[in-house]
Structures are given as structure tokens and as C-alpha cells.
Amino acid sequence: MERTSRRHAVVCAVLAVCYLRSSVEANVPLSHTLEGTLPKGALGDANCDVEAVEFANSAQLHSILDELLNAPYFRLFKVNLDGQCKFWKTPDTAEAAAEEEPTCSGPPDTEPESVPACSLDGGPSLEGAFPWAAAATTASSSAEPGIPWMPGSEEVDRTISFKENTLLKATSEGDCNEPTFWLDICSKIPTNVSEYVNLKLNPERYTGYNGTHVWEAIYQENCFKNQNVEQMCYEERVLYRMLSGMHTSTNIHIAANYYQPKKGVRNSTQPNPARFVQQYNAHPDRLKNMYFTYVVLLRALRRASPYLYTFPFQMSPGGEDNGIDHGRTTYLVQRLLDSHILRSCGPVFEAFDETLMFDASDGAGQPQQAALKSQFKDVFHNISMVMDCIACQKCKLHGKLQLLGIGTALKILLVPEPQIATSLAREELVALFNTIGKFSRAIRHVEELSNAFWLEHGTPTPSG
């Protein structure tokens with residue numbers, strides 16, 4: 001417990017990155033202009049623009065992904081949905097032990113002192129920065145009944161300063177530069193269960209569940225507080241934008257598949273364009289984060305293509321799965337990775353440059369880079385554990401699926417290329433392809449939902 005809380009505190013003190021506005025359903029005025037609703041122009045942090053992504057997605061990628069994800073290999077998914085929340089009590093864990101693992105946030109009226117993003121070369125001592133943590137270690141000094149007076153137990157001072165912790169990180173985690181360092185980035189999303197879930201029977205749609213507190217935990221409990229994205233270092237910004245992109249994709253799928261009960265037709269789903277416009281009319285940056293995440297995922301797919309092109313996408317080792325045509329699945333994967341598509345969609349597949357991440361040539365020393373790598377992975381692990389705090393089972397399924405897909409993409413981009421072939425598990429591949437498919441559909445929904453809204457409310461006038 002001490003080690004976990006201290007790790008969380010250090011992560012908070014170092015990775016002070018952006019906090020997305022927590023109210024995902026704020027009452028944003030619905031402007032009758034084209035400004036804001038649809039993103040356009042350069043994505044930022046990638047050599048690509050919105051128009052290139054939309055063209056590649058609609059012209060080639062979406063149709064292939066849509067058919068591919070219907071294959072049994074990709075629609076059957078294993079993930080542990082029974083993990084207990086370690087950050088707060090949910091209805092499922094109300095009877096759990098009273099002692100909760102500390103998180104990064106303090107009591108409602110306190111907040112850790114912020115530090116500049118990427119300040120890995122020093123900083124204040126963590127002593128006293130998290131008063132809520134001290135209370136958890138206070139021991140009673142009263143003597144036990146029937147035992148003569150005994151001195152109280154003096155607590156061990158476990159304070160480790162920021163500089164000391166950085167040094168320890170660089171020493172104890174000296175393998176940050178080893179090829180194996182990123183192999184466990186997805187380890188907090190366990191898939192070692194026996195039961196499969198059919199993703200086609202559990203589509204992502206509106207369930208009535210309000211997950212605002214979960215998103216707040218993802219951003220706040222993992223120290224996404226700095227509101228200026230431009231002040232983040234590159235690695236922090238990439239992670240933040242991918243999480244924001246996942247958030248946006250989730251909201252768009254909800255708006256596109258919004259459950260509206262109708263007399264005698266309760267199982268039907270219909271889009272809710274007003275919800276989409278209300279959430280994103282004034283926030284094209286959040287939509288761009290989704291496009292950016294799609295580009296990062298496609299870059300991972302491109303980097304793994306030599307391995308994936310010859311991979312046998314079949315459920316059983318012998319390839320005899322009740323007559324299922326695995327050849328069609330392999331063909332579709334190869335078509336997705338085909339040189340013609342990679343060439344014609346080159347700006348999209350090659351837009352993100354993973355070599356810029358954790359680049360020691362930017363002036364940061366090796367100890368600082370080692371600490372940043374360790375903290376980056378710690379934050380991703382923390383976020384992975386927050387997924388167990390989602391009370392809605394279908395929401396948890398899709399949250400874990402997408403986060404595992406993003407983690408798999410990061411693994412592919414950060415491990416040495418020769419190691420890719422031996423580092424990926426089946427469920428990671430399933431999650432990666434399905435997450436790419438989710439973002440592909442969400443990008444299609446952006447224009448559909450926007451057009452549907454303006455068709456109903458009148459054609460908007462160009463701004464300016």
C-alpha cells in the first residue's frame with residue numbers, strides 16, 4: 001500500500017498534464033454556423049490533416065474494416081469484466097474491505113501543488129504534499145487490555161524526496177532502455193478468462209449510464225490537470241490526446257446509436273444529432289484528438305504489417321473451425337495492408353513519428369528519460385485499473401477493448417521492430433483492429449450526425 005501510494009504521488013508530481021473539461025454534457029449553445037462543428041486543417045503532432053484522414057477512411061479503409069471485424073476471429077473477445085475497483089466503492093464492491101487504495105486526488109478542498117509539465121530534473125519534496133495519505137498510516141498507541149504499559153510504536157519516516165525518487169527510478173528501473181520494457185504496458189487489462197464475448201451482440205451505444213465520474217478519474221486521478229496542451233511535453237501530449245480521442249469516439253458512438261424508446265419498438269436505436277452538436281459544436285479540438293488517435297493507431301498497424309501480413313488469423317491451431325473461411329479473414333487483413341492502399345493512404349499511415357517519443361537528443365538526460373518512461377507506463381497502468389470502476393458492464397467492455405487497443409498500438413510503436421512478432425497476444429490483436437474500426441466508424445459518424453442535425457434545424461450559414 002505504501003509503495004503504491006508513493007508511486008501514485010510521484011506520478012502525480014511529475015506528469016502534470018492536461019485536464020479535459022470534466023462536464024462532457026455541458027449546455028453549449030447550438031450555433032447556426034459551420035464554425036466548430038466539423039474539424040478541418042492540420043491535426044498537430046502528426047504530418048497530416050483532417051481532410052486526408054477523412055478521404056482515406058471513406059475511400060478505402062472503412063469498408064475493409066467493416067467487413068473484417070465481422071469475422072469470428074475479431075468479433076470474439078476475451079477480457080476480465082469482474083475486476084474490483086481500487087479507487088472507490090461501486091455497487092459491485094460496496095461490501096469490499098473498508099481500506100481503499102489511495103489515489104492521486106486529495107480531499108475535495110485540497111489539491112497537490114502543481115509542477116510544470118515534464119519537470120523531471122528536480123522539484124519539491126513530496127513530504128506534506130498529500131496530507132490525506134498520512135492519515136491512512138496513523139497507528140493507535142493505546143495499550144492492549146491486560147497488558148502493562150508499553151511504549152507507543154514510533155512510525156518509520158518513509159519520505160523520499162523528488163530528486164531521490166528520480167535517482168532510485170534511474171537505478172532500480174535501469175532496464176527502461178531494454179527491449180522488454182514496454183512488453184507489460186497492457187498488463188493491467190487482464191484477458192486471462194475462459195469466457196468469450198461476441199462484440200457484434202454487444203454494440204457500443206447509449207445505455208443510460210453516466211460515466212462522467214470515470215472520465216474525471218481518468219483525467220484527474222492520473223494527474224491530467226494542466227489546461228494548456230501546448231505546455232505539455234511531447235509524450236504527455238500524445239497520451240492525453242489519445243485518451244481525449246477515445247473519450248470523443250465513445251461519445252460519438254453513443255450519439256450515433258442513441259436509444260430512444262418508441263411505442264412497440266423498444267429495441268430500436270436511433271441517432272441523436274443534437275447531442276453530438278451540443279457536445280462538439282464548440283470543441284473541434286476534441287474531434288481532432290480523435291482523428292489524431294486514428295492516425296497513431298494506423299501507424300502502429302503499418303509498423304506491424306510485415307508480421308500481420310503472414311499471420312494466420314484463425315481460432316484453432318489447425319485452422320479447422322467448423323468450416324469458417326479463415327482465408328477470407330487473412331485476405332481482408334492483407335488487403336488492408338496491401339502496398340497499394342499503404343501507398344495511396346501514405347500520408348495517413350506514415351503521419352505519426354514514434355521516434356520522437358522519449359528522444360534523448362531533445363536535451364533531457366538518460367536518467368530523466370528513464371524516469372519519464374517509467375512514469376508514462378505507470379499512468380497508463382493507473383488508467384487501465386480505472387476501467388474496473390465502470391459499473392455498466394457493456395460500457396466496461398468497450399472501455400477495456402479500446403484502452404487495450406491503444407495500449408497495443410503503443411507497444412507496437414515503442415518496442416524494437418524485430419520484437420513485434422513475439423510480443424502480441426491474440427486479444428491484443430483483436431482489440432487493436434476493433435479499436436481502429438471504432439475510430440473509423442466514429443469519423444464517418446461525425447459528418448453524418450452533423451448533416452442530420454442541420455437538415456432538421458435548417459442549413460447553417462458559413463461563418464465569417
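Leaving aside neighbours within four places in sequence, with which residues is Arg-303 in contact? In this predicted model, Arg-303 is in contact with Glu-354 and also with Ile-412, Leu-413, Leu-414, Val-415, Pro-416, Glu-417 and Ile-420, once its neighbours within four places in sequence are set aside. Arg-303 itself belongs to helix H9, which covers residues 284-303, and it counts as buried because its relative accessibility is 14%, where the cut-off for buried is under 20%. Phe-349, although 46 residues away from Arg-303 in sequence, has its C-alpha 9.0 Å from that of Arg-303.

The setting for this residue is a protein chain with 17 helices and 4 strands, and some overall values for that chain are collected below.

| Property of the protein chain | Value |
|---|---|
| Residues counted as buried, of 464 residues | 51% |
| Contacts joining residues at least 24 apart, among those between residues at least 6 apart in sequence | 83% |
| Share of the accessible surface, about 21600 Å², belonging to carbon and sulfur atoms | 51% |

A second place to examine is the meeting of two helices. The axes of helix H8 (residues 273-280) and helix H17 (residues 426-457) come within 8 Å and cross at roughly 105°, which means that H8 is roughly perpendicular to H17. On the H8 side the residues involved are Pro-273, Ala-274, Phe-276 and Val-277, and these meet Val-446, Leu-449, Ser-450, Ala-452 and Phe-453 of H17. Sorted by class, this contact between H8 and H17 has 8 nonpolar residues and 1 polar residue, with no charged residues.

Terms used: Residues are numbered from 1 along each chain as its sequence is written. This is a predicted model: local features need pLDDT of at least 70, side-chain atom pairs count only at pLDDT 80 or more; totals for chains, interfaces and linings use all residues. Side-chain values use heavy atoms; hydrogens and water are left out. Helices (H or I, at least four residues) and strands (E, at least two) are DSSP runs, numbered from the N terminus. Buried means under 20% relative accessible area, exposed over 50%, partly exposed in between (1.4 Å probe, protein chains only). Contact means heavy atoms within 4.5 Å. Accessible areas come from the Shrake-Rupley method with a 1.4 Å probe; for residues, only the protein chains shown count as cover. Axes are lines fitted to C-alpha atoms, for helices over the stretch in contact, and angles run from 0 to 180 degrees between N-to-C directions. Angles under 35 degrees count as roughly parallel, over 145 as roughly antiparallel, 65 to 115 as roughly perpendicular and the rest as oblique. Ala, Val, Leu, Ile, Met, Phe, Trp, Tyr, Cys and Pro count as nonpolar, Asp, Glu, Lys and Arg as charged, and the others, Gly among them, as polar.
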